[in-house]
Amino acid sequence: MVDPKKLQDKAKEILVRDDVRRLIGWKRGTYGYEAAPAVIKDASDAEVLIFDPTCVQNPASFITLEEKLPVPRGAEPDTRKVAVMVKGCDSRAIVQQLVEKAYDREDVIVLGIPCRGVIDHRKAEAMFGDVAAPVEVSLNSDKVTLTVNGEKKEAKREELLMDKCLRCRYPNPLVSDFLLDGEVEKFADDDFGDVAEFEKQPPADKWAYWEEQFSKCIRCYSCRNVCPMCYCVECIVTKLRPQWTRRSTDISENTAYHIQRAWHLAGRCIECMECQRVCPVDIPIMTLNRKLTRDVKELFDYEPGVDTEAQPLLASYNPQDPEEYIM
Amino acid sequence: MSEEFEPNIVAFLCNWCSYAGADLAGTSRMHYLPNIRTIRVMCSGRVNPLFLVNALQQGADGVLISGCHPGDCHYLEGNYYARRRFMLMHKLLEHVGVDPGRVNMSWVSASEGAKFKDVVEETVTKAKEAGPMDQFRRRQINW
């Protein structure tokens with residue numbers, strides 16, 4: 001566990017620097033099983049910062065969200081850095097954004113936190129119900145201890161953690177300027193068994209499943225907004241000229257939207273699972289992303305968000321690429 | 001009245017090889033199936049994989065993308081990019097439950113009129129097997 005004192009001191013030390021504009025981290029949420037993201041500009045506010053297994057949000061999503069207003073005549077553009085706290089999975093988002101040259105490495109200060117896993121609010125709500133006050137959670141090697149409404153509760157690690165944490169290959173940040181805790185060991189390997197299991201079905205069954213899932217979609221675009229890799233200034237789904245998807249929420253447009261979303265993350269998705277977490281109608285969005293992640297790995301031996309020197313997958317090619325289905 | 005299902009195929013042919021290949025098939029008086037509707041593009045690398053989703057939405061029962069053989073691209077590397085993209089799009093559509101026979105890609109050079117004929121035949125056969133595309137076709141609303 002990260003000592004909150006150490007974390008806050010480090011944050012203060014960074015925020016008093018002249019070349020730092022703001023720091024993105026987590027603070028205690030107002031209710032429930034999730035922390036809240038915190039954007040801090042002044043060192044005196046750094047006391048709210050925490051890190052515990054409720055910190056599920058990916059702060060790397062916020063770096064690219066900043067609106068770039070035109071600089072007034074005569075004024076200098078603000079080139080100060082943004083500091084960001086990241087878990088292992090979040091750091092992959094930063095690596096991938098660096099690969100895509102969304103910003104330069106000098107523009108960010110990365111505070112890495114080796115992470116033992118974060119809890120899934122859906123699983124927690126199913127087990128302990130809704131809570132009106134923030135929940136305190138601590139985690140040791142195989143047990144999660146929660147304080148829900150003043151009562152101490154325990155659960156096994158597998159029962160409460162996010163699925164991504166149970167197959168986490170990168171618990172330690174892959175890019176960081178400061179590491180706030182000792183490195184932890186890798187927990188598991190990912191064999192993509194769930195993807196292989198889904199693929200065994202005939203096309204008609206697959207479509208029956210997706211038809212049900214996609215018809216639930218209300219097109220709130222939360223999955224897009226929360227995604228650290230979706231940082232286009234104008235998104236293709238809200239573009240009107242040319243209009244790629246119509247805005248009606250019928251099965252045709254919803255399917256097209258979800259294919260587009262998954263497609264635009266092909267070879268870019270870093271599996272932070274934020275899209276699925278925020279989905280208000282519980283669409284298993286990651287099933288599509290994981291399918292592509294696995295295929296990208298199998299076909300092109302490529303893993304996004306691991307190497308800052310890598311080329312983006314679809315902006316590069318290998319003359320020996322597989323072409324088994326091409327006539 | 002027993003009408004056999006005739007699929008609509010949208011074919012994206014590259015200007016330099018496949019379109020010329022299709023032209024050669026025509027000038028050589030080869031008979032190829034009339035199910036395909038050709039869209040000429042400058043390079044197979046120009047075809048956005050979302051064109052394919054859009055075609056399936058708008059009434060196509062199958063799609064064919066055809067370009068120069070690897071190494072022969074007029075723009076040197078366009079078809080290499082296309083190959084990666086369509087490989088992944090093919091896999092993604094398969095995962096969503098679209099019959100894999102609806103998405104076809106081929107390399108046809110300007111001198112392969114006979115091959116173009118075979119490719120079209122195979123594409124149409126596969127689309128016929130898959131049946132009418134009714135999974136996520138846009139419904140026409142008559143106001």
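**Entry 1: the residue after helix 3 of chain A**

I began at the end of helix 3 of chain A, where Lys101(A), just after the helix, takes a positive phi of about 55 degrees. This is a predicted model, and I read every angle below as a property of that model. Lys101(A) is not a glycine, although its phi of about 55 degrees is positive, and I found it in the loop between helix 3 and strand 4 of chain A. Is Lys101(A) buried or exposed? I noted 8 C-beta neighbours inside 10 Å, and Lys101(A) therefore counts as exposed, since the cut-off for that class is 12 or fewer.

**Entry 2: helix 3 of chain A itself**

I then went back along the helix, which covers residues 88-99 of chain A. Helix 3 of chain A has 12 residues and reaches 17 Å from its first C-alpha to its last, close to the 16 Å expected at 1.5 Å a residue. How many of the residues of helix 3 of chain A are buried? I found that 12 of its 12 residues are buried, and I wrote the helix down as mostly covered. The buried residues include Asp90(A), Arg92(A), Gln96(A) and Gln97(A), and also among them are Cys89(A), Ile94(A), Val95(A) and Leu98(A).

What covers the buried residues of helix 3 of chain A? The cover includes helix 2 (60-63), strand 3, strand 4 and helix 6 (163-166) of chain A. I checked the two strands separately and saw that helix 3 lies across strand 3 and strand 4 of chain A, running at about 160 degrees to strand 4 of chain A.

**Entry 3: the sheet under the helix**

Following those strands, I came to an open sheet of 5 strands in chain A, in the order 2-1-3-4-8 and with mixed pairing. The edge strands are strand 2 (36-40) and strand 8 (178-179) of chain A, each of which pairs on one side only. Strand 3 (residues 81-86) and strand 4 (residues 108-112) of chain A run parallel and are joined by 5 bridges, and within strand 4 of chain A it is Leu111(A) that stands opposite Met85(A). Helix 1 (residues 4-15) of chain A lies across strand 1 (20-27), strand 2, strand 3, strand 4 and strand 8 of chain A, and it runs at about 160 degrees to strand 1 of chain A.

**Entry 4: the second sheet of chain A**

I also looked up the other sheet, in which 3 strands of chain A form an open, antiparallel arrangement in the order 5-6-7. Strand 5 (136-139) and strand 7 (151-156) of chain A stand at the edges with a single partner strand each, so one side of each is left without a neighbour in the sheet. Neighbouring strands here are turned by 20 degrees against each other on average, direction ignored. Strand 6 (residues 143-148) of chain A pairs with strand 7 of chain A over 6 bridges in the antiparallel sense, and Val144(A) stands opposite Ala155(A) in strand 7 of chain A.

**Entry 5: between the two domains of chain A**

The domain assignment of chain A gives domain 1 (6-66 + 78-179) and domain 2 (193-315), and I noted 24 Å between their centres, taken over C-alpha atoms. Where they meet, 20 residues of domain 1 of chain A are in contact with 18 residues of domain 2 of chain A. Which helix gives the most to the side of domain 1 of chain A that touches domain 2 of chain A? Helix 3 of chain A does, with 8 residues.

**Entry 6: chain B and the shared core**

I next turned to chain B, where 33 residues are in contact with 30 residues of chain A. Helix 3 of chain B gives the most to the side of chain B that touches chain A, with 13 residues.

The largest nonpolar core has 124 residues, and those with the most contacts inside it are Val84(A), Ile119(A), Ile9(B), Val63(B) and Leu92(B). Helix 3 (residues 78-96) of chain B gives the most to this core, with 10 residues. I took Val63(B) as an example, and the residues it touches include Ile9(B), Val10(B), Leu52(B) and Arg102(B).

**Entry 7: two further backbone checks**

Met273(A), in the loop between helix 10 and helix 11 (274-278) of chain A, has a positive phi of about 65 degrees although it is not a glycine. Because Met273(A) has 22 C-beta neighbours inside 10 Å, it counts as buried.

Finally, I recorded a cis peptide bond joining Arg241(A) and Pro242(A), with omega about 0 degrees. Pro242(A) has its place in the loop between helix 9 (222-226) and helix 10 (251-264) of chain A.

Methods:
Residues are numbered from 1 along each chain as its sequence is written. Chains are lettered from A and ligands numbered from 1 in the order in which they are written. This is a predicted model: local features need pLDDT of at least 70, side-chain atom pairs count only at pLDDT 80 or more; totals for chains, interfaces and linings use all residues. Two strands pair if DSSP finds at least two bridges between them. Helices (H or I, at least four residues) and strands (E, at least two) are DSSP runs, numbered from the N terminus. Two residues are in contact if their C-beta atoms, placed from the backbone, lie within 7 Å. Axes are lines fitted to C-alpha atoms, for helices over the stretch in contact, and angles run from 0 to 180 degrees between N-to-C directions. A nonpolar core is a set of buried Ala, Val, Leu, Ile, Met, Phe, Trp, Tyr and Cys residues joined through C-beta atoms within 7 Å. A residue is buried if 20 or more other C-beta atoms lie within 10 Å of its own, exposed if 12 or fewer, and partly exposed in between; C-beta atoms are placed from the backbone. The expected span of a helix is 1.5 Å times one less than its number of residues. Domain bounds come from an automatic or database domain assignment. Lists of a residue's contacts leave out its neighbours within four places in sequence.
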